[in-house]
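Work through the exercises below with the sequence and the structure side by side, and try each task before reading its solution.

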Amino acid sequence: RNGLASVLSASCSECRMQIAFPTFSRVGGQACGTRWECNLTAVWGQMTTGGGHSSLTDSLSVLGVPTMGKKAFVATEKILGRCWKETMEQSMLKVAVFSNSHWLSLPPLE
């Protein structure tokens, strides 16, 4: 298991060829690297609702779903925080450049 994701494998009893079947897809980006989608969305959901690892564990245990470890949760939380920060900085820079060019194009006030 990798947090909430699992990779199942099957092998042929005759030729011994093995095939892996991941239970979720991996997603990635320049800022975040490649991560399991289910781990990112579970941690994202907890962060946006004010929950944490214990809230996620409580919710999943009621459903009988094994949860991710605290270490994996915290690592994913840090990655998402870094991604959010980089995205906000890029957005703020774009707004600043646009605003600056807009105000510079106006005639001076008298």
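**Exercise 1.** In which strand is the place of Arg26, and is Arg26 buried, partly exposed or exposed?

*Solution.* The model is a predicted one, and in it Arg26 belongs to strand 3, which covers residues 26-29. The next step is to compare its relative accessibility, 45%, with the cut-offs: buried means under 20% and exposed means over 50%. Because 45% falls in between, Arg26 counts as partly exposed. As a last step, consider Ala5, which is 21 residues away from Arg26 in sequence, while their C-alpha atoms are 9.5 Å apart in space.

**Exercise 2.** Find which residues form the largest nonpolar core, and which element gives the largest share of this core.

*Solution.* Begin with the members: the core has twelve residues, among them Leu4, Ala5, Trp36, Val43, Met68, Phe73 and Leu80. Then assign them to elements: helix 1, helix 2 (53-63) and helix 3 each give two or more residues, and the largest share, four residues, comes from helix 1. Finally, look at Val43, which, leaving aside residues up to four places away in sequence, touches Met68, Phe73, Thr76, Glu77 and Leu80.

**Exercise 3.** Describe the largest pocket and its lining.

*Solution.* The volume of the largest pocket is about 180 Å³, and of the 13 residues that line it, the closest to its centre are Asn2, Arg35, Trp36, Asn39 and Thr76. Sorting the lining by class gives six nonpolar, five polar and two charged residues. Sorting by element shows that strand 4 (33-36), helix 1 (37-48) and helix 3 (70-104) each supply at least two lining residues, with the largest share, four residues, coming from helix 3.

Terms used
Residues numbered from 1 in each chain as written. Predicted model: local features only at pLDDT ≥ 70, side-chain atom pairs only at ≥ 80, totals over all residues. Heavy atoms only, no water. 1 Å grid on protein atoms, 1.4 Å probe; cavity = no way out; pocket = protein on both sides within 12 Å on 5 of 7 lines; lining within 4 Å. Points joined across faces, edges and corners; volume = space filled by probe spheres on them. Nonpolar A, V, L, I, M, F, W, Y, C, P; charged D, E, K, R; others polar. Core = buried A, V, L, I, M, F, W, Y, C linked by side-chain atoms within 4.5 Å. Buried < 20%, exposed > 50% of the residue type's maximum accessible area, 1.4 Å probe, protein only. Contact = heavy atoms within 4.5 Å.
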